Amino acid sequence: MAASGAFYVTTPIYYVNDQPHIGHAYTTLACDALARFMRLDGRTVRFLTGTDEHGQKVEKAAAETGLDPQAFTDKVSRHFRDLAAAMNFSHDDFIRTTEERHKVSVRAIWQRLVASGDIYLDKYAGWYSVRDEAFYGESELVDGKAPTGAPVEWVEEPSYFFRLSAWQDRLLQLYRERPDFVLPATRMNEVTSFVKGGLQDLSVSRTTFAWGVPVPGDPAHVVYVWLDALTNYISALGFPDTEGELYRTFWPADFHVVGKDILRFHAVYWPAFLMSAGLEPPRRVFAHGWWTVEGQKMSKSLGNVVSPFTLIERYGLDQTRYFLLREIAFGNDGDFSHAAMVRRINHDLANDYGNLAQRVLSMIAKNCGGSVPEPGPLTDADEALLEAAQALLPKLRTAMAEIASHRALELIWEICGAANRYVDAQAPWTLRRTDPARMATVLWVLADTVRRLALLTQPYLPGSSTRLLDLLAIPAAERSFAAWDIPLRPGTALPAPSGVFPRHGEPDAA
Ligand code: ME8
């Protein structure tokens, strides 16, 4: 069992056949927000991402560029690391399946599957989609294509099989015992009915190409890329050393976060492999939805692939993070459009949050000698705002337990709205002349509310939240959730205020 307080979250490892796009950025961003939240909340977090570098799809992409697969994967994998840096991801480890530590782990899990009697040699004859790196039965094809729309080719070759059929009952038992094994709940139903429909044994080796981990004892075969890839989640914890610190602390993973396209691999095949290998299955798999772009499927052939690098350059980093996390409910599908992005930047970030902080900080700079004002007795309106802000943290904990960053942001913005209404109602600019002591109280209430908002926006908008906390002179030791109830100290000198969320110049409407 994972040690109490430990929290392990993983992203899919991305194929290095192509450039990263917003879909890839999105999954890792969701995990980043979750990892940052849990760290701020005092958990010992391990956050893993990486690249999936073996298999026919990558071998083919390498051949098309004229590079050998290793040189090609070195090059493309770098783009994913660059993306992680550009997006300010806080991963603790980045695994590549071409690393020796991973190959050792793949060989070890293979041997465990052999030892458990679940591997046998036979012959595969059927359809294969290189794009999906998946086998399809005749009855699954739709108009001669994979159900995903990917082209398929006929494959006939000697192959090792994994006795997946033998794991049907154990899988159904796992789903019964842990109804939140797959989230959202609708996805759990999909998985359960797929398994109830009956499981075929799974081909787990290939012989018609060489770019992979050779099967121990039979190097004519390479391990099927999905068995290879899934194992990354434990390779990165030092498997096969199950007594090592990392494995003991972090396995089983709290969340494997994936797109809905690869749920079956994570919720059916992976727990079956693990149970067969005598290892614990992960705690939960979250399958999120799909981004389209201006109403269309994102694809190279349509030429509408959105690059996260371009978004960051055009709109700003935290603006991009905010849009992706807020625009769609985590789990649902959603649409990217520039108009929607500009609306979010100007309305939510510039008008609501940025303007609140800027108004409060500049009034304090001008009217309170540039230091945190001293509050007097509190009115009902003051108490109401302070209490509403105080109540945010437990609500966010509930939302983030299901990776609902969109909900967390909605809740934060509700308080932002309440604070803006409070400023208007209290009119501190009038109090400046009529009742300066009352003005000081109002500005203190507001500044402490901004402190709480900035503490809570750290997981989602890390750079901007740090700037806001700097503007409030919050010491480094008081930026975790442990400092939630340590209020702003009157008299603390504040730096000169500056705007944190500029408006975007382009028009809102496309
Ligand atoms: O499947 N909307 O890698 P991959 C949302 N190597 N998310 C999207 C998306 C979109 N339009 N497009 C991609 C693989 N994604 C395997 C995984 S894991 C052991 C091996 C995200 O490069 C989403 O998370 O095809 C999806 O599951 C993943 O990218 C697929 O990445």
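This report walks through the enclosed cavities in the structure shown above, which is a predicted model.

Rolling a probe the size of a water molecule over the atoms shows where empty space is left. In this structure, two cavities of 30 Å³ or more turn up. Here they are side by side:

| Cavity | Volume | Lining by class |
|---|---|---|
| Largest cavity | about 60 Å³ | six nonpolar, four polar and no charged residues |
| Second largest cavity | about 40 Å³ | six nonpolar, three polar and no charged residues |

Let's begin with the largest cavity. Its lining draws at least two residues from each of helix 1 (22-40), strand 2 (44-52) and helix 3 (69-86). Helix 3 supplies the largest share, three residues. If you would like to find the place in the viewer, the lining is made up of Tyr 14, His 24, Thr 28, Thr 49, Gly 50, Phe 80, Leu 83, Ala 84, Phe 89 and Phe 94. No charged residue takes part in this lining.

Now for the second largest cavity, which is lined by Gly 354, Ala 357, Gln 358, Leu 361, Leu 468, Leu 471, Ser 498, Val 500 and Phe 501. Two helices, helix 13 (338-367) and helix 19 (462-471), each supply at least two residues of this lining. With four residues, helix 13 gives the most. Charged residues are absent from the lining of the second largest cavity.

How values were computed. Residues numbered from 1 in each chain as written. Predicted model: local features only at pLDDT ≥ 70, side-chain atom pairs only at ≥ 80, totals over all residues. Heavy atoms only, no water. 1 Å grid on protein atoms, 1.4 Å probe; cavity = no way out; pocket = protein on both sides within 12 Å on 5 of 7 lines; lining within 4 Å. Points joined across faces, edges and corners; volume = space filled by probe spheres on them. Nonpolar A, V, L, I, M, F, W, Y, C, P; charged D, E, K, R; others polar.
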